[in-house]
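Here are a few notes to read with the model open beside you. Take them one at a time and find each spot as you go.

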Amino acid sequence: MTERQSVSSGTHWEAAMGYCRAVRYGQFVYVSGTTATDENGAVVGAGDYEAQAQYILEKIERALGSLGATMKDVVRTRVYVQDATQWEGVAAAHGRYFAEVRPANTLVEVSALVGTEYLVEIEADAIIGAGDAL
């Protein structure tokens with residue numbers, strides 16, 4: 001029987017909204033939409049798309065690691081931005097992590113994220129072992 005594991009980032013939002021940072025089921029790991037919020041609830045990289053994307057990817061890497069996956073195991077990412085004309089900085093951060101891995105990716109502009117200072121939100125799906133072939 002496959003066991004379900006999850007990891008929390010400890011924010012009050014997870015309990016209030018009924019979600020966790022990431023879930024592992026078997027070899028599959030799903031990382032929730034992640035924003036540039038630090039452990040104290042402060043926004044990181046306010047006004048800077050690339051800085052927010054970089055911080056988000058660091059958070060995703062930690063969540064994956066806590067469930068036995070790595071960034072090399074990521075097979076799909078979804079990127080949400082408030083202004084699609086700012087895609088280059090976000091793409092640069094994404095490329096630093098995934099130039100070799102090259103997961104399937106979607107980048108879309110949205111009218112708003114959960115807070116006005118949030119410019120970027122990223123989700124990731126991984127399959128543990130997928131990076132072994134690289």
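1. Start with the biggest opening. Keep in mind that this is a predicted model. The largest pocket holds about 390 Å³ of space. Its lining is made of 19 residues, and W13, Y19, R21, T35 and V114 are the closest to the centre. Try clicking on those five to get your bearings.

2. Which element gives the most to the lining of the largest pocket? That's α1, with 3 residues. Both α1 (12-17) and β3 (28-34) supply at least two residues each.

3. Now look at what kinds of residues line the largest pocket: 9 are polar, 5 are charged and 5 are nonpolar.

4. Next, move over to the second largest pocket, which has a volume of about 230 Å³. Here 14 residues form the lining, and the ones nearest the centre are S9, T37, E39, K59 and R62. Helix α2 (residues 49-66) provides the largest share of this lining, 5 residues. Sorted by class, the lining of the second largest pocket comes out as 6 polar, 5 charged and 3 nonpolar residues.

5. Last stop, the aromatic rings. How many aromatic pairs does the structure hold? Just 1. The partners are Y97 and F98, with ring centres 6.4 Å apart and an angle of 50° between the planes, so the pair counts as tilted, a label for angles that are neither under 30 degrees nor over 60.

6. While you're at that pair, check F98: is this residue buried or exposed? F98 is buried, because its relative accessible area is 4%, and the cut-off for buried is under 20%.

Methods. Residues are numbered from 1 along each chain as its sequence is written. This is a predicted model: local features need pLDDT of at least 70, side-chain atom pairs count only at pLDDT 80 or more; totals for chains, interfaces and linings use all residues. Side-chain values use heavy atoms; hydrogens and water are left out. Rings of Phe, Tyr and Trp (its six-membered ring) pair if their centres lie within 6.5 Å; planes under 30 degrees apart count as stacked, over 60 as edge-to-face and the rest as tilted. Buried means under 20% relative accessible area, exposed over 50%, partly exposed in between (1.4 Å probe, protein chains only). On a 1 Å grid over the protein atoms alone, a cavity is a set of points where a 1.4 Å probe fits but cannot get out, and a pocket is an open set with protein on both sides within 12 Å along at least five of seven lines; lining residues have an atom within 4 Å of a point. Grid points are joined across faces, edges and corners, and a volume is the space filled by probe spheres set on the points. Helices (H or I, at least four residues) and strands (E, at least two) are DSSP runs, numbered from the N terminus. Ala, Val, Leu, Ile, Met, Phe, Trp, Tyr, Cys and Pro count as nonpolar, Asp, Glu, Lys and Arg as charged, and the others, Gly among them, as polar.
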